[in-house]
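Here are some notes to read with the model open beside you. Take the points one at a time and find each residue on screen as you go.

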Amino acid sequence: MQPYTKNWTQVTEFVMMGFAGIHEAHLLFFILFLTMYLFTLVENLAIILVVGLDHRLWRPMYFFLTHLSCLEIWYTSVTVPKMLAGFTGVDGGKNISYAGCLSQLFIFTFLGATECFLLAAMAYDRYVAICMPLHYGALVSWGTCIRLAAACWLVGFLTPILPIYLMSQLTFCGPNVIDHFFCDASPLLALSCSDVTWKETVDFLVSLAVLLASSMVIAVSYGNIVWTLLHIRSVAERWKAFSTCAAHLTVVSLFYGTLFFMYVRTKVTSSINFNKVVSVFYSIVTPMLNPLIYSLRNKEVKGALDRVFSLKFWKGQ
């Protein structure tokens, strides 16, 4: 940060460096990220299609999964296509306007916060289903599901309003090169010639509030689930339930661990390249793994996939 003077010109466009220094392997990285992106789109679209067409999956658990799938599609589409354009080397592939950069940051933060709350709602759903099965219909009715989902999207949308407003009040007078593959808050703050202390504090508090609130719900829900599973007499059923919970917690831990590392801190202390690697995990890898862990390993979803993509199903339609 440098003191602003009237002689400097306000930046109207940024250049995203992306993964600089891999010129020899840029084609390999382009193919890798493109494959991951397409795989994420296909598996999430498959879940949305299957749940929508198979009435046997019209239950609260799969209602939340379709919301998660929609979110993952948008979440990756906000950053990955622009990152891929940077790998191609075409003119303007790495350029993004000031308004476009703030819009990308707003949408990315909005969707990231929504995912945190949606994962918490899904953990609560599993907690009630496993720990209080007799009360499941009353506690997790369709009305409750709709209200929970709406609350997740609404609170997620409200989350970035103040941080983005404060970002829009900062002055960017050059340089305009963002050392990242998308417009994230930390690399943008590093380019500002305004005092960013208040902005960093607000970002820290907002991130902490979102992550702590949602992660506490997840921790308490799965803690109670594990306690209940320990009292299952059948070893086979207990192991099956534990394996499912372990898979869910692995993905959630990866997502939350990387988010806590990146956003619950007031200063950037680690290397920029390491930050990019961490960002890849929560912005690309986790959205690709979520459908596999939450849905495609599920026997009900596998059966629905077989039915939906079978010739008999479409003839019956």
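1. In which helix is asparagine 290 found? Asparagine 290 belongs to helix H10, which covers residues 272–296. Keep in mind that you are looking at a predicted model.

2. Before we zoom in further, here's the overall picture. The chain has 12 helices and three strands. Of its 317 residues, 48% are buried. Take the contacts in the chain with a separation of 6 or more: 80% of them are between residues 24 or more positions apart.

3. Back to asparagine 290: is this residue buried or exposed? Its relative accessibility is 2%, and buried means under 20%, so asparagine 290 counts as buried. Its side chain has a polar partner, too: a polar contact of 3.1 Å links it to the side chain of glutamate 115. If you skip the neighbours within four places in sequence, asparagine 290 is in contact with Leu68, Glu72, Glu115, Val251 and Ser295. So glutamate 115 turns up both as the polar partner and in that contact list.

4. Now try another asparagine. Asparagine 44 sits in helix H1, and with a relative accessibility of 1% it counts as buried. What does the side chain of asparagine 44 reach at 2.7 Å? The answer is the backbone oxygen of threonine 40. Setting aside neighbours within four places in sequence, asparagine 44 is in contact with Ser69, Glu72, Ile73, Pro287 and Pro291. Look out for Glu72 here: it is in contact with asparagine 44, and asparagine 290 is in contact with Glu72 as well.

5. On to how helices pack. Two packed helices are described by the angle between their axes and the distance between the axes. Helix H1 (residues 26–53) packs with helix H2 (residues 60–88) at an angle of about 160°, and their axes are 9 Å apart. Angles over 145 degrees count as roughly antiparallel, so H1 and H2 are roughly antiparallel to each other. Their crossing is left-handed. Sorted by class, the contact of H1 with H2 has 18 nonpolar residues, eight polar ones and one charged one.

6. Next, look at helix H3 (residues 98–131) and helix H5 (residues 142–158). These two pack at an angle of about 150°, with 7 Å between their axes. That makes H3 roughly antiparallel to H5. Which way does H3 cross H5, left-handed or right-handed? The crossing is right-handed. On the H3 side, the residues that meet H5 include Phe106, Phe110, Phe117 and Tyr124; on the H5 side, Cys152, Trp153 and Phe157 are among them. By class, the contact of H3 with H5 has 13 nonpolar residues, two polar and no charged.

7. H3 also packs with helix H6 (residues 161–168), at an angle of about 160° and with the axes 10 Å apart. H3 and H6 are therefore roughly antiparallel to each other, and their crossing is right-handed. H3 brings Tyr98, Leu102, Leu105 and Phe106 to the contact, while H6 brings Ile161, Ile164, Met167 and Ser168. How many nonpolar residues does the contact of H3 with H6 have? There are seven, along with one polar residue and no charged ones. Phe106 is worth a click: it is part of the contact with H6 and it is also among the H3 residues that meet H5.

8. Stay with H6 for a moment, where isoleucine 161 is found. At 40% relative accessibility, isoleucine 161 counts as partly exposed. Isoleucine 161 and threonine 109 are 52 residues apart along the chain, yet their C-alpha atoms are separated by 9.5 Å.

9. Methionine 216 makes a similar exercise. You'll find methionine 216 in helix H8 (residues 197–229), and its 49% relative accessibility means that it counts as partly exposed. Measure along the sequence and methionine 216 is 96 residues from alanine 120, but in space the two are 8.4 Å apart, C-alpha to C-alpha.

10. Finish with a strand. Methionine 16 lies in strand S1 (residues 13–16) and, at 5% relative accessibility, counts as buried. Leaving out neighbours within four places in sequence, its contacts include Lys82, Ile96, Gln104, His180 and Phe182. Cysteine 101 is 85 residues away from methionine 16 along the chain, and the C-alpha atoms of the two are separated by 9.9 Å.

How values were computed: Residues numbered from 1 in each chain as written. Predicted model: local features only at pLDDT ≥ 70, side-chain atom pairs only at ≥ 80, totals over all residues. Heavy atoms only, no water. Helix = DSSP H or I, 4+ residues; strand = E, 2+ residues; numbered from the N terminus. Buried < 20%, exposed > 50% of the residue type's maximum accessible area, 1.4 Å probe, protein only. Polar contact = N/O pair within 3.5 Å; in protein donor to acceptor, adjacent residues only side chain to side chain. Contact = heavy atoms within 4.5 Å. Axes fitted to C-alpha atoms, helices over the stretch in contact; angles between N-to-C directions. Parallel < 35°, antiparallel > 145°, perpendicular 65-115°, else oblique. Left-handed = near helix turned anticlockwise from the far one by under 90°. Nonpolar A, V, L, I, M, F, W, Y, C, P; charged D, E, K, R; others polar.
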